[in-house]
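Trainee: I'm new to this one and would like a close look at a single part. Could you walk me through the aromatic side chains and what sits around them?

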Amino acid sequence: MRNLLRKLKSEKGATGIDVVMASAMIMITIAVVSILYVNTSLQTRNIKRTAGATRLATNIAENIQELSYEEFVSAYNGIATTEKYKDVDYRKVESVNSDRTIFSTKLPKGYAFYIKADPVYGSHLDPKEQFDLVRDIDIIVTYKVGDNVDDISLSLTKQRELVEECNKPVLSYLPGTANKTIYPVKYVETTGSYMKTNENDMDWYDYTNKKWAVVLVSDKKESEVFDANGKYTGIELRKYVWIPAFFVEGSGNDFYAFRYNFSNKMIEKGSLTSLPDGEGKTSSFSYYTFSTHPVSQQGVDGIDGAGLWVEITDTFLQEIQPARVLNNSKYGPFIVHK
């Protein structure tokens, strides 16, 4: 080596300097390439982990939306670990030594899942008016890239499923209504007659109180069907009553429960208790929702959708099975008015 250095120093011209400079440039190039390789590797890993975190957060959000409100609240309350992240309290699930599953989504090692789902009460400031009906949900999935922790966040809103006591009337189901007008009507005891109403009238029907939805179908002018006060004139025309879809049990002649649309789930009643006020007093809120699990009972024969319109005749409550079964249940008897 000593002889080599001595030879390089003794060389005439630029040859020795060129070699030294070339060696230096090679060392610098190797250092730069190494730095670029490290940065590129970190960027590649970051892209992959960001994509993975985004996929996890999206899958979890979609699966939460698929759950019923009660199922979500139960699963959320089952997350025991709580932790602050960016100064906010969250419930946390983390995969440390093995994969974890949360909301039907596998959480790989190296990722952590944070969720916050507080009830939202809107403008209801009185605790006795605050019921668990809506939750704002914040989701965060964290992942490490080198020594840094990055995250992906999503937000969604989940509402308790509130439905009517039975499937609402569907006017498009009415048979033979071409070139005819459909008039929703309700019977008013004080007038002793049907009165004209509309689909948005909360008092049009009330099956709990044996008040079924009725419509008149006619090709007559409205002034012939109703007087100036909206009272039915009694003119001869067709009347129809709405029979909501429902489940039966036994031989098929016993009402079991109203069916939710044309699904295999039934409509059921629920109740909530409000937050206590300053004196510890609470209030209750009753509602209808659909069951979280399918029922084993069969649907009543003759109804292939959300319900069935049946023409009101002198014998329809005996001859039409869905009308007969409903009439013999706690939702009947239906009073036929002229």
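**A close look at an aromatic pair**

Mentor: Let's start with tyrosine 76, which counts as buried because its relative accessibility is 6%, and buried here means under 20%. Keep in mind that this is a predicted model. Now look for phenylalanine 72, which is buried too, with a relative accessibility of 0%. Both residues belong to helix H3, which covers residues 69–77. Phenylalanine 72 and tyrosine 76 are four residues apart there, or about one turn of the helix.

So how do you describe two rings like that? A pair of aromatic rings is described by how far apart the centres are and by the angle of the planes. For phenylalanine 72 and tyrosine 76, the centres are 5.9 Å apart and the planes make an angle of 20 degrees, so the pair counts as stacked, given that the cut-off for stacking is under 30 degrees.

Tyrosine 76 has another partner to look at: arginine 91 lies over the face of its ring, at 4.5 Å from the ring centre. You can find a charge over a ring elsewhere as well, with the charged end of arginine 49 over tyrosine 111, 5.7 Å from the ring centre.

Once you've got the hang of this pair, zoom out. The count of aromatic pairs comes to 23. There is also an aromatic cluster whose members include Trp204, Tyr205, Tyr207, Trp212 and Phe246. Phe255, Phe258, Phe316, Tyr331 and Phe334 belong to that cluster too.

Methods
Residues are numbered from 1 along each chain as its sequence is written. This is a predicted model: local features need pLDDT of at least 70, side-chain atom pairs count only at pLDDT 80 or more; totals for chains, interfaces and linings use all residues. Side-chain values use heavy atoms; hydrogens and water are left out. Rings of Phe, Tyr and Trp (its six-membered ring) pair if their centres lie within 6.5 Å; planes under 30 degrees apart count as stacked, over 60 as edge-to-face and the rest as tilted. Helices (H or I, at least four residues) and strands (E, at least two) are DSSP runs, numbered from the N terminus. Buried means under 20% relative accessible area, exposed over 50%, partly exposed in between (1.4 Å probe, protein chains only). A charge sits over a ring if NZ of Lys or CZ of Arg is within 6 Å of the ring centre and within 35 degrees of the ring normal.
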